[in-house]
Amino acid sequence: MKLRIKTKLSLGLTFFFILLVLISAVGLLAINKLADESKNILKANYESLEYCKNMQQALDDYESNDPIALDKFEKNLKAEENNITEVGEQDATAAVREQFERLKKADSFSATKLEKDIRIDVYKINDLNTNAIVRKNNETQQTAEKLKIYLAILATVAFLISFTMLMNFPGYIADPISKLTEGIKQIANRNYTQRIHIEKGDEFGELAEAFNLMAHELDEYNNSNMAKIIFQKKRIDTIINNMKDPIIGLDEKKNILFANTSSTKILGINEAELIGKYAPDIALRNDLLRTLIHVEPASAPLKIYADNRESYFTKEVLKITVDEQPIGEVILLKNITQFKELDLAKTNFIATVSHSLKTPISSIKMSLKLLSDERVGNTNTEQKELINHIKEDSERLLNITGELLNMTQVETGNIQLNFRPTNPKEIIDYSVDTIRMQAEQKHVALEVNCPENISKVSIDPEKTVWVLVNLLSNALRYSPENNKIVISVIEKDSLVEFSVKDFGIGIEDKYKDRLFQRYFQVPGSPRSGTGLGLAISKEFIEAQNGKIAVESKLGEGSRFYFSLPVT
C-alpha cells in the first residue's frame with residue numbers, strides 16, 4: 001500500500017505522540033508505586049516502632065512510680081492495636097495486652113515479673129516492624145531497579161526509532177526536492193532531455209512524473225520547431241543582408257547580434273569580426289562604429305564615405321523591449337545622399353535666382369526714384385499711387401530675395417561672420433532708426449530701455465542688426481495701431497539679452513515650438529513673407545554662440561529675445 005506524504009507525516013507525528021504518552025505514563029506509574037511503598041513503610045511500620053518506643057518509656061516511668069505511666073502505656077498500646085500490619089504482630093500485641101491487664105491488678109512482687117514479660121513482647125513487636133522495614137525497603141529497591149530497567153528499555157527503543165527517523169526523514173523530504181531543483185535548472189538551461197527518477201508512490205513521485213512529462217513535451221516541441229525556427233532565422237538574415245540600408249543589431253549588453261552586408265562595407269570590418277563581439281571594444285579602433293553607438297540621433301545627417309564617394313545618412317535607433325524590459329536595440333542608417341544632392345541643387349538654384357533678381361530689382365528701384373523726381377516730369381495722383389505700389393512691391397521682393405540668399409548661406413554652412421566688439425546700444429539705435437518710419441505710419445511708439453554702461457558684445461553687427469530688424473518688423477506687423485513696442489537690453493550672467501515685446505494677439509502654445517522652423521507661418525496670420533525670417537535669425541544667433549527664444553500668451557502679446565556673450 002502506497003502512502004501519501006501527508007499520511008506519512010501524520011503517522012510519524014502520531015507515533016511520537018504515543019511514545020511520549022507511553023513514557024510519561026510508565027514514569028508516572030513508577031513514581032506512584034515507589035511513593036505508595038514508601039508511604040506504607042512510613043505510615044505502618046515506623047508508627048509501630050514509635051508506639052513501642054513510647055511503651056518502653058512508659059514502663060521506665062512505671063518503675064519510677066510515675067502515676068500517669070500506665071495511662072501513657074494504655075494510650076500507645078491501643079494505637080498499636082489499631083496499626084497491626086505484619087504477620088505475628090497480632091499475637092505479640094495480644095500478649096502485651098494480656099500481660100498489661102494483669103499488671104494493672106498485680107502486686108509489687110508480681111508486677112516486676114509481668115513488666116519484664118511485657119518488655120519482651122514489646123521488643124518482639126519492635127523486631128517484627130524493624131524487620132518489616134528492612135524487607136520492604138529491599139522490595140522498594142528491587143521495584144525501583146525493575147522500573148529503571150523498563151524505563152531504560154523504553155527510552156532506548158524510543159531513541160533508536162527517533163534517531164532513525166531523524167537521520168532518514170530529512171533526506172526523504174530533501175533529496176526529491178534537490179532532484180527537482182536540479183531538474184528545473186537544467187530545463188531553464190534548455191536541456192529538455194533531463195529526467196527525474198523518484199520511485200515513490202507519494203506526491204514526490206507524482207511531481208517527478210509531471211516534471212518528466214513536461215520535459216518530454218518541451219523536448220518534442222523544441223525538436224519539432226527547431227527546423228522551422230532555423231528556417232525563419234535564415235530567411236530574416238537573408239532579408240536583412242539584402243537591404244541596401246546599413247542595419248546593426250545589439251543586445252542589451254551592447255554585444256553585436258547581426259550586421260548586414262551594407263553595414264560591414266561602410267564599417268570596413270568583416271562580419272566574422274563583428275558578430276558576437278562587444279561593440280565598445282570594436283569601436284575603440286573604428287571611428288564610425290564609435291559614432292554610431294555613442295552619438296544620439298540628431299537632425300544633422302552623418303557624412304560617411306560609401307560607394308566610392310561621400311554619402312549622407314540619417315541615423316535611427318530602435319529600442320527593442322519585451323514586457324517593458326529592454327533586450328537590445330537596432331541601429332538603422334538611411335542613405336539620403338540623393339535627397340541631399342537634390343537639396344543642394346535647390347539651394348544653388350535659389351541662390352542663382354536670387355542673385356539674378358537683385359539686379360533687375362535694383363534697376364526697378366532706380367527707375368522708380370527717377371519717376372518720383374519732379375525734374376524728370378510731373379505725375380498725377382494716380383501715377384504717384386501706382387509708383388508707390390510698385391515701390392512697396394519691389395521692396396518686398398528685395399526682402400524676399402535677401403532672405404533667400406541668407407537661407408542659402410545657412411543651408412550650405414557658409415555663413416560669413418565678421419566678429420568685433422560692439423556696444424549693444426549701437427545695434428538698438430540702428431535697428432530702431434530702420435523701422436521708425438513704418439512705426440510712425442502705423443502710430444506705434446518704440447520704447448527703448450538700454451543702460452548706458454552696458455558691456456560690449458563680440459558679434460557680427462550686420463547679422464545682429466538683421467535679426468533685430470526682423471523681430472521689430474514682425475512686432476510691428478502684429479501690433480494694433482496706437483500701441484507700442486518695447487525694446488530692452490539687459491546684462492546677466494556674462495550675457496547681454498536683447499528683447500522685443502509687442503502687445504498684439506499673441507501666439508498659441510501649440511505653435512511656439514515651430515516658430516523657428518523654415519517656411520512655417522502661424523495659421524491665420526498675415527501672409528507677408530516667406531516664413532524664413534525667424535529660421536534665419538535662429539541660425540545667425542546660434543552661429544554667434546547665442547540663443548534665441550520666445551515668450552507669448554494669447555491675447556497679451558509676445559516677447560522675442562536673444563542673448564549673446566559679452567566681450
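**Burial, salt bridges and a surface patch in a predicted model**

Colleague: In this predicted model, why is glycine 504 called buried?

Modeller: Glycine 504 has a relative accessible area of 8%, and because the term buried is kept for values under 20%, glycine 504 counts as buried. This residue lies in the loop between β10 and α13, where, not counting residues up to four places away in sequence, glycine 504 touches Tyr478, Pro480, Gly555, Glu556 and Gly557. The C-alpha atom of glycine 504 is separated by 9.6 Å from that of isoleucine 485, which is 19 residues away along the chain.

Colleague: What makes glutamate 115 and arginine 119 a salt bridge?

Modeller: The distance from N to O between the two side chains is 3.3 Å, and because the rule asks for a side-chain nitrogen of Lys or Arg within 4 Å of a carboxyl oxygen of Asp or Glu, the pair qualifies as a salt bridge. Both residues are in helix α4, and because they are four residues apart there, about one helical turn separates them.

Colleague: Is glutamate 115 buried or exposed, and how do you know?

Modeller: Glutamate 115 is buried, since its relative accessible area is 6% and the limit for that term is under 20%; arginine 119 is buried as well. Leaving aside neighbours within four places in sequence, glutamate 115 is in contact with Leu59, Tyr62, Glu63 and Leu103.

Colleague: Which residue forms a salt bridge with aspartate 245, and how do you know?

Modeller: The partner is lysine 334, with the closest N and O atoms 3.5 Å apart, and because the cut-off is within 4 Å, the pair counts as a salt bridge. This pair links distant parts of the chain, with aspartate 245 in the loop between α5 and β1 and lysine 334 in strand β5, 89 residues apart.

Colleague: Why is aspartate 245 called partly exposed?

Modeller: The relative accessibility of aspartate 245 is 21%, and because buried requires a value under 20% and exposed a value over 50%, aspartate 245 falls in between and counts as partly exposed. Lysine 334, with a relative accessible area of 44%, is likewise partly exposed.

Colleague: What makes aspartate 509 exposed, and how does lysine 512 count?

Modeller: Aspartate 509 has a relative accessibility of 58%, and because exposed means over 50%, aspartate 509 counts as exposed, whereas lysine 512, at 21%, counts as partly exposed. Salt bridges that share partners also occur in this model, joining Glu74, Lys78, Glu81, Arg97 and Glu101 into one network. Aspartate 509 and lysine 512 themselves form a salt bridge, with their closest N and O atoms 3.0 Å apart, and both lie in helix α13, three residues or about one turn of the helix apart.

Colleague: How do you know that isoleucine 149 is partly exposed, and what does it form with other residues?

Modeller: Isoleucine 149, in helix α4, has a relative accessibility of 48%, and because this lies between the limits of 20% and 50%, isoleucine 149 counts as partly exposed. Together with Tyr150, Ile153, Val157 and Ile161, isoleucine 149 forms a nonpolar patch on the surface, with about 450 Å² of accessible area.

Colleague: Where in the protein chain is confidence lowest, and where is it highest?

Modeller: Confidence is lowest in helix α9, at a mean of 64, and highest in strand β10, at 94, while the protein chain averages a pLDDT of 78. Where pLDDT is low, the predicted coordinates should not be read in detail.

Note on methods. Residues are numbered from 1 along each chain as its sequence is written. This is a predicted model: local features need pLDDT of at least 70, side-chain atom pairs count only at pLDDT 80 or more; totals for chains, interfaces and linings use all residues. Side-chain values use heavy atoms; hydrogens and water are left out. Buried means under 20% relative accessible area, exposed over 50%, partly exposed in between (1.4 Å probe, protein chains only). Contact means heavy atoms within 4.5 Å. Patches are made of residues with over 30% relative accessible area and no salt bridge: like charges are joined within 9 Å, nonpolar side chains (Val, Leu, Ile, Met, Phe, Trp, Tyr) within 5 Å. Accessible areas come from the Shrake-Rupley method with a 1.4 Å probe; for residues, only the protein chains shown count as cover. Helices (H or I, at least four residues) and strands (E, at least two) are DSSP runs, numbered from the N terminus. pLDDT is the predictor's confidence in each residue, from 0 to 100.
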